[in-house]
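Visitor: Please take one part of this model and examine it closely, following its contacts outward into the surrounding fold. I should also like to know how far the prediction may be relied upon.

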Amino acid sequence: MHVSTSIHPKCEVFGVSHFHGTERGLSIRTRWSLSCKPACIDSHSLVLRCKLHYQESGRIKGLRYPNMSFRITERGPINVAVNDDLPDLPLSISYDTAMEALSSLITQQKRGDKSPVVDKFRKMERMSRYLKILGLEERIAGLKIIHVAGTKGKGSTCTFCEAILRACGLQTGLFTSPHLIDVTERFRINGSDISEDKFLQYFWDCWNQLKENVSEDLPMPPLFQFLTILAFKVFVCEQVDVAIIEVGLGGKEDSTNVINEPVVCGITSLGMDHMETLGHTLAEIAAHKAGIFKPHVPAFTVPQVPEAMDVLQQTAYGLAVPLKVVAPLDSKQLQGVKLSLSGDHQLINAGLAASLCRCWLQKTGNWEKLFHNEERAADLPKAFLIGLSTAHLAGRAQIVYDCSSKSSDVTGDLIFYLDGAHSPESMEACAKWFSGAVTVDKQLSKSTSTSSSSAYHESILEGGRNGSIEHLKENADKSNMISKKILLFNCMELRDPEVLLPQILSTCASSGTHFSKAIFTPSTSKYTKVTSGTSVLPSEILNKDLSWQFSLQRLWEKIIHGKETNIALDNTSKMIKAGTLPSHEFLYKDASHCCPANKDFTCSAVIPSLPLTIKWLRDCVKENPSLRLQVLVTGSLHLVGDVLKLLRRRP
């Protein structure tokens, strides 16, 4: 069963709008094959599921589920053979083997390298051939896709879209990248990551069919291409009503651009990122992003700088694309509801998502069935408000209270603020969010002496946003604690830390937020290997080259002191022994004690591994019950994902 997807040409927009015209040969054979498992649900179950969703969201005052008596049409069964004869391998072994297979598809040694894969077919033609092998080429059009490109905000916009349409009672599929902890995060069905057993079924089915048909001219697809193909396979077989697809890189040449007939397209905020691939001007970057536009298919974007907007408008005009510019949402439209994703910049992403969803519902003939024209054009339906207030995206403006460090009730606080910002624009947004979050936290701490513990918990939960607070402190009295703000940073070498670090430092300082210390440490995940959430973390830290982390430290000290430290790294200083950690007194030294000439960096430290860093932070708060460490983790989604992975495990 699914909601009607007949075509309705009208599209409206929320807010102010302007119309403008070599793989390793790994082969896994299983004793079963899978095409698509038919998913069956009747209209009563669909309505019941939607009602339950609204009831579970009942903490949003004044919001009730809308009348769900719209017409539901029956989808015919998929005519395939299904064999449930699963392999004998334990699930964990099968899953680890799948991760090995995926890792064999990584063609670059590190991010930014050119792929050595050379064949006779262009990328999009190669993608089409893969889809044809799997019998998916014609079925993709039936997914009723929302396709989203952009520099920043793609993941948030897609997540908002998914939550809104799920709140409308639709079966949703969401494909995003990258994953933070586990590759299954990239494939969401009805708001939840795909289960491992379903992932394995679809994965090995795609893998084996492609392996049987590869040739010298058509090798196995590189990693992201394979994952994109797998997403289409999952969403077709799960019979989702709508698939929200986030572009991986760029747009025109991105693997997802094999989509020929999306229902609607979106372009989020554009900026300077991935310049080694997309170009060194905003116009060049915008041209890549606009490559997802399809003739006559409506598209939406947010306010852009003229250089980028001109390219979007010209591309849209040439394809007869009705392009609309969406204004950010405001408090009046939100009717007092708070966005679940934190930061003022999310108002931009939420506005774009609302317009994309409204257009999708109108074009597929579901708007009137859902809302019976009761909502005015400028209003957000209640289902939209529920979606916007319940969407969740890990690693973006996420706050995690670490409870693993607590051995008694007299230890200090360790709070992680996680945001995978890695471009100048996103770093600025991250800094503004962090400054706002710690300011709210400070105000709440001051008020706890006259507030009850339960009232404090409720306030903290409201301030955390993004459904992100995994632990609420039992001790309500925070007024006498010593707060130290720490930056935990790493970025890929293709990024420019001379732009990123000053951006976050100056933006925080302008809001009155100052870092006591900065810690630089390498990520544990490797670009050359796909791991699962249960994978063993690498323990080797002896003789690890930390040249990049030391260069980040030198830059930080230069920014803090306003002058170059002039310290050249020799071969011994590139390495740190396993037991080398800052003393706990390091936290309390101020900048006046800093003597870079003697390698006494009291403003910063390099720690050889992330597990050691987390342990050191935990030990610091265990020793001092009056200490509160507020740690901003940023610069890389890989770093954020590794921290989340470590925080989920017992020390």
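**A buried loop residue and its surroundings**

Guide: S255 lies in the loop between strand 8 and strand 9; helices (H or I, at least four residues) and strands (E, at least two) are DSSP runs, numbered from the N terminus. This is a predicted model, in which local features need pLDDT of at least 70, side-chain atom pairs count only at pLDDT 80 or more, and totals for chains, interfaces and linings use all residues. Residues are numbered from 1 along each chain as its sequence is written, and side-chain values use heavy atoms, with hydrogens and water left out.

S255 counts as buried because its relative accessibility is 1% (buried: under 20% relative accessible area; exposed: over 50%; partly exposed: in between; 1.4 Å probe, protein chains only). Setting aside residues up to four places away in sequence, S255 touches K123, M124, M127, F224, Q225 and T228, a contact being heavy atoms within 4.5 Å.

One of these partners, M127, belongs to helix 3 (residues 123–133). M127 is buried because its relative accessibility is 0%. Beyond residues up to four places away, M127 touches Q225, T228, I229, S255 and V258. Q225 and T228 are thus touched by M127 and also by S255. A further relation links M127 to P221: they are 94 residues apart in sequence, yet their C-alpha atoms are 8.2 Å apart in space.

The wider setting is the largest nonpolar core, which holds 48 residues (a nonpolar core is a set of buried Ala, Val, Leu, Ile, Met, Phe, Trp, Tyr and Cys residues joined through side-chain atoms within 4.5 Å). The members touching the most other members are L102, F199, F203, F226, L230, F232 and F235. At least two residues of this core come from each of helix 2 (91–103), helix 3, strand 6 (187–189), helix 5, helix 6 (223–237) and strand 8 (242–246). Helix 6 supplies the largest share, 11 residues. Apart from this core lies another, of 45 residues, with A167, L174, A353 and A383 among them. F232 is in contact with L131, L136, I140, L143, I145, I245, T256, V258 and I259, leaving aside its neighbours within four places in sequence. V258 therefore appears among the contacts of F232 and, as noted for the buried residue M127, among those of M127.

Helix 5 (residues 196–213) adds an aromatic part to this picture. Its buried residues are F199, L200, Q201, Y202, F203, W204, D205, C206, W207, N208, L210 and K211. The whole structure contains 20 aromatic pairs (rings of Phe, Tyr and Trp, its six-membered ring, with centres within 6.5 Å; planes under 30 degrees apart are stacked, over 60 edge-to-face, the rest tilted). F203 and W207 are stacked, because their ring centres are 5.8 Å apart and their planes stand at 25 degrees. Both residues lie in helix 5, 4 residues apart, about one turn of the helix. F203 and W207 belong to one aromatic cluster together with Y95, F175, F187, F199, W204, F224 and F226. F224, a member of this cluster, is also touched by S255.

Strand 9 (residues 264–267), at the other end of the S255 loop, has V264 and G266 pointing one way and C265 and I267 the other, and all are buried. Strand 9 pairs in the parallel sense with strand 4 (residues 145–149) over 4 bridges (pairing requires at least two DSSP bridges between two strands). H147 has C265 as its bridge partner. Strand 9 and strand 10 (residues 299–301) also run parallel, joined by 3 bridges, with I267 opposite T301.

As to confidence, the chain averages a pLDDT of 79, and 70% of the residues score at least 70; pLDDT is the predictor's confidence in each residue, from 0 to 100. Over residues 37–62 the pLDDT is below 50, and the model gives this stretch 48 contacts beyond near neighbours in sequence. Residues 448–465 likewise have pLDDT under 50, with 31 contacts beyond four places in sequence.

Two backbone details complete the account. The peptide bond from S177 to P178 is cis, with omega near -10 degrees, and P178 sits in the loop between strand 5 (172–175) and strand 6. N190, in the loop between strand 6 and strand 7 (192–193), has a positive phi, near 50 degrees, although it is not glycine.

Definitions and conventions:
The expected span of a helix is 1.5 Å times one less than its number of residues.
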